[in-house]
Amino acid sequence: MRTRSVIFNILCIIALFSTAIDATAQKKKKGDTTPTDIHAVSKAENLAYPVVSEKQHKNVADYMRREAQAIVKQGYKVETERNGEVVVVTIPASKLFLPNTTELEISGQKLLEPFTAYLKSAGRFKIIMAMHSDDTGSEAYLEKLTEERLKSVMDFIEKNSAHPEQIVGYAMASDEPLHPNSNIANRAKNRRLEIYIVPDEEIIKQAGKR
């Protein structure tokens with residue numbers, strides 16, 4: 001009898017787990033835009049949500065591509081992810097900080113100023129900041145360097161934004177190099193700030209009305 005009870009309990013747990021997975025899949029299929037606590041999830045999870053439904057995708061992607069084009073005209077390096085739904089701006093660390101320092105330069109502040117506009121209204125955009133380094137130095141040093149540089153960037157953006165709760169940052173150290181750290185040029189490219197501009201609930205809702 002005890003063995004049957006154990007097996008029954010295991011089957012119940014499996015059934016509950018399967019139900020939860022199915023519910024999550026249904027939400028994604030329908031285009032669930034329920035906001036997540038952006039400060040409690042990983043960078044990958046933040047980049048995946050809110051979900052844009054197939055019906056809303058074209059309008060959202062078109063809107064974000066226009067945003068990308070406007071940023072390119074200002075001289076920034078811009079790419080898109082999530083099939084055009086997310087805009088990614090890359091700024092070399094050398095344009096924000098002096099070597100081995102963590103205090104944001106005045107010229108760096110000017111480069112960041114345009115992105116405060118995305119946080120003027122509630123629920124339109126989520127901004128994700130990712131600070132990267134090359135692999136020169138110990139792991140502890142690189143973690144501290146990117147953490148303090150990220151804090152300088154975040155402090156500036158938050159201070160100049162109406163809705164700082166819509167920004168989240170990640171200190172990546174040397175975990176995500178763009179190129180092998182095999183020469184000076186590659187290491188310089190790996191030292192960078194990435195700014196992800198993610199459409200939030202209001203943008204997605206507007207796209208569904210068009």
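**Close-up 1. Lys 58 and Asp 62 join up in a salt bridge in this predicted model.** The gap here is 2.9 Å, taken from N to O. Both residues sit in helix H3, which covers residues 54-73. They are 4 residues apart, and that works out at about one turn of the helix. How exposed is Lys 58, and how exposed is Asp 62? Lys 58 counts as exposed, with 56% relative accessibility. Asp 62 is partly exposed, because its relative accessible area is 27%, and partly exposed is the label for values between the 20% and 50% cut-offs.

**Close-up 2. Asp 62 also has a salt bridge with Arg 65.** This time the N to O distance is 3.9 Å. That still passes as a salt bridge because the rule asks for a side-chain nitrogen of Lys or Arg within 4 Å of a carboxyl oxygen of Asp or Glu. Arg 65 and Asp 62 are 3 residues apart in helix H3, so about one helical turn separates them. Arg 65 is partly exposed, at 35% relative accessible area.

**Close-up 3. A salt bridge links Asp 134 with Arg 191.** Their side chains meet at 2.6 Å, N to O. Which parts of the chain does this pair tie together? Asp 134 lies in the loop between strand E3 (125-132) and H5, while Arg 191 lies in the loop between helix H6 (184-190) and strand E5 (192-199), so the pair ties together parts that are 57 residues apart in sequence. Is Asp 134 buried or exposed? Asp 134 is buried, with just 6% relative accessible area. Its partner Arg 191 is partly exposed, at 30% relative accessibility.

**Close-up 4. Lys 58, Asp 62 and Arg 65 belong to one network.** Salt bridges with shared partners are what join these residues. Asp 62 meets Lys 58, and Asp 62 meets Arg 65 as well. How many salt bridges are counted? The count comes to 7.

**Close-up 5. Tyr 76 and Phe 115 are both buried.** A search of the whole structure turns up 3 aromatic pairs. In one of them, the ring centres of Tyr 76 and Phe 115 are 5.2 Å apart and the planes are at 75°, so this pair is edge-to-face. Tyr 76 is in the loop between H3 and strand E1 (77-81), and Phe 115 is in the loop between helix H4 (106-112) and E3, so the pair ties together parts 39 residues apart in sequence.

**Close-up 6. Tyr 118 and Phe 125 are buried too.** What is the aromatic cluster made of? Tyr 63, Tyr 118 and Phe 125 form it.

**Close-up 7. Glu 139, Glu 143, Glu 147, Glu 148 and Asp 175 make a negative surface patch.** Pick out Glu 143, which has its place in helix H5 (residues 139-159). Glu 143 is partly exposed, with a relative accessible area of 36%. Why can Glu 143 count towards a patch at 36%? Patches are made of residues with over 30% relative accessible area and no salt bridge, so 36% clears the area cut-off.

Notes:
Residues numbered from 1 in each chain as written. Predicted model: local features only at pLDDT ≥ 70, side-chain atom pairs only at ≥ 80, totals over all residues. Heavy atoms only, no water. Patch = residues over 30% accessible without salt bridge, like charges linked within 9 Å, V, L, I, M, F, W, Y side chains within 5 Å. Areas by Shrake-Rupley, 256 points an atom, 1.4 Å probe, with all protein chains shown as cover. Lys, Arg positive; Asp, Glu negative; His and termini not counted. Charge placed at Lys NZ, Arg CZ, Asp CG, Glu CD. Helix = DSSP H or I, 4+ residues; strand = E, 2+ residues; numbered from the N terminus. Buried < 20%, exposed > 50% of the residue type's maximum accessible area, 1.4 Å probe, protein only. Phe/Tyr/Trp six-rings, centres within 6.5 Å; stacked < 30°, edge-to-face > 60°.
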